[in-house]
Amino acid sequence: MLTIQHLKKRYKTGPWVLKDISFEVPDGEIVGLIGPSGAGKSTLIRCVNRLIDPSEGQITLDDVQLSHLSASKIREQRRHIGMIFQEYALVERLSVMENVLSGRLGYLPFWRTFLRKYPEQDINNAFEYLDRVGLIDHANKRADELSGGQRQRVGIARALAQDPHLLLVDEPTASLDPKNSRQIMRLIRSICREKSLSAIINIHDVPLAMQFVDRIIGLQGGAIVFDDKPENLTEDVLTRIYGDEDWTTVKQDEEELEDSEEIT
Ligand code: ADP
């Protein structure tokens with residue numbers, strides 16, 4: 001369970017970019033974080049994995065207070081948080097397998113990370129994760145030989161290799177076409193279901209979010225203005241989050257997505 005209580009953030013002496021954010025994410029729940037550019041979505045995600053320090057408030061993951069850890073303890077805790085990035089963040093010249101195994105680096109002693117010498121169990125698990133994301137035949141390819149959708153699958157397998165308690169997913173489909181976007185969201189959702197893993201997904205694509213997440217949190221100006229099931233995200237709410245727009249197109253897109261055949 002992730003618990004965020006009264007989280008506030010300001011960068012140096014600037015304005016508050018997160019204003020008293022509180023919510024809980026139970027195990028297994030997938031939350032889509034939406035909101036206009038500058039609303040504070042990335043700042044919120046970075047506070048959770050402690051890439052930046054919150055100014056005030058508490059963040060707790062499975063009874064461990066992430067918000068008040070020393071630098072050495074942060075590294076230890078961060079391994080429980082799997083990150084999946086928009087631009088995949090793979091090491092291009094390394095093999096797919098080595099990229100997946102790099103998810104284990106936070107668990108290994110320095111000499112092993114230096115020599116990139118992974119325990120056999122880690123290697124066996126990495127094959128399993130590659131199989132799970134449909135890339136078992138690509139294990140020895142260089143990451144830069146893969147398509148965008150395949151790279152994102154490697155990113156997902158790498159996050160799984162961390163044996164995470166929580167997934168933080170930053171714009172996972174921003175560099176992908178619609179078909180690959182749906183496949184990646186479907187894969188993330190089914191993995192979360194299988195492992196009772198919770199996820200916070202920063203996502204611009206509202207129809208895609210509505211189709212694949214359990215709950216949507218809408219941020220506006222650093223505050224939560226919506227926190228509910230996707231089906232309750234009405235045009236009025238979308239206007240409150242994003243400002244005036246013709247939201248009927250969003251609703252149509254969503255219906256089209258629902259009608260489209262399942263692709264696995
Ligand atoms: P979003 O992800 O929703 O686009 P961000 O969290 O990136 O929003 O940004 C929220 C606000 O914080 C913006 O006004 C942005 O300019 C500001 N901000 C983000 N990062 C920094 C930083 N490193 N230093 C100062 N201001 C920042």
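Two strands count as paired here if DSSP finds at least two bridges between them. With that settled, I opened the model, which is a predicted one, and started at strand E1.

**Entry 1: E1 and E4**

I looked up how strand E1 (residues 2–10) meets strand E4 (residues 56–61), and found five bridges joining the two in an antiparallel run. Then I picked out single partners. Isoleucine 4 has isoleucine 59 of E4 as its bridge partner. Glutamine 5 is bridged to glutamine 58, also in E4. I liked seeing Ile facing Ile and Gln facing Gln.

**Entry 2: E1 and E2**

Next I turned to E2. Six bridges hold E1 and E2 together, and the two strands are antiparallel. Within this pair, lysine 9 stands opposite leucine 18 of E2. Five residues lie between the strands of this hairpin, and lysine 12 has a positive phi there, near 45°.

**Entry 3: The open sheet of four**

I then asked in what order the strands of this sheet stand. The order is E2-E1-E4-E5, an open sheet of four strands with antiparallel pairing. Strand E2 (16–25) and strand E5 (64–65) are the edge strands; each has a single partner, so one side of each lacks a neighbour in the sheet. I also checked what lies across these strands: helix H1 (residues 41–48) crosses E1, E2 and E4, and runs at about 120° to E1.

**Entry 4: Lysines over rings**

I searched for charges over aromatic rings and noted two lysines. Lysine 8 lies over the face of tryptophan 16, 5.9 Å from the ring centre. Lysine 9, which I had already met opposite leucine 18, places its charged end over the ring of tyrosine 11, at 5.1 Å from the centre. How many aromatic pairs does the structure hold? My search returned zero.

**Entry 5: Around the ligand**

I listed the residues around the ligand: Tyr11, Val17, Pro36, Ser37, Gly38, Ala39, Gly40, Lys41, Ser42 and Thr43. Tyr11 is the residue whose ring sits under the charged end of lysine 9. I then pulled the distances to ligand oxygen atoms. For glycine 40, a backbone N or O atom lies 3.0 Å from an oxygen of the ligand. For lysine 41, a polar side-chain atom is 2.9 Å from a ligand oxygen. For threonine 43, a polar side-chain atom is 2.5 Å from a ligand oxygen. Residues 41–48 make up helix H1, and Lys41, Ser42 and Thr43 are among the residues around the ligand.

**Entry 6: The open sheet of six**

I moved on to the other sheet. Its six strands are ordered E6-E7-E8-E3-E9-E10, and this open sheet has mixed pairing. Strand E6 (81–84) and E10 are at the edges with a single partner strand each, so each has one side without a neighbour in the sheet. From one strand to the next, the twist averages 20°.

For a parallel pair I took strand E7 (residues 166–170) and strand E8 (residues 198–202), which share five bridges. Here valine 169 stands opposite isoleucine 201 of E8.

For an antiparallel pair I took strand E9 (residues 215–220) and strand E10 (residues 223–228), also joined by five bridges. Leucine 219 stands opposite isoleucine 224 of E10. Which residue of this hairpin takes a positive phi? I found glycine 221, with phi near 55°, in a hairpin that has two residues between its strands.

Definitions and conventions: Residues are numbered from 1 along each chain as its sequence is written. This is a predicted model: local features need pLDDT of at least 70, side-chain atom pairs count only at pLDDT 80 or more; totals for chains, interfaces and linings use all residues. Side-chain values use heavy atoms; hydrogens and water are left out. Rings of Phe, Tyr and Trp (its six-membered ring) pair if their centres lie within 6.5 Å; planes under 30 degrees apart count as stacked, over 60 as edge-to-face and the rest as tilted. A charge sits over a ring if NZ of Lys or CZ of Arg is within 6 Å of the ring centre and within 35 degrees of the ring normal. Contact means heavy atoms within 4.5 Å. Axes are lines fitted to C-alpha atoms, for helices over the stretch in contact, and angles run from 0 to 180 degrees between N-to-C directions. A residue is near a molecule or strand if one of its heavy atoms lies within 4 Å of it. A polar contact is a pair of N or O atoms within 3.5 Å; within protein, one must be able to donate a hydrogen and the other to accept it, and residues adjacent in sequence count only if both atoms are side-chain atoms.
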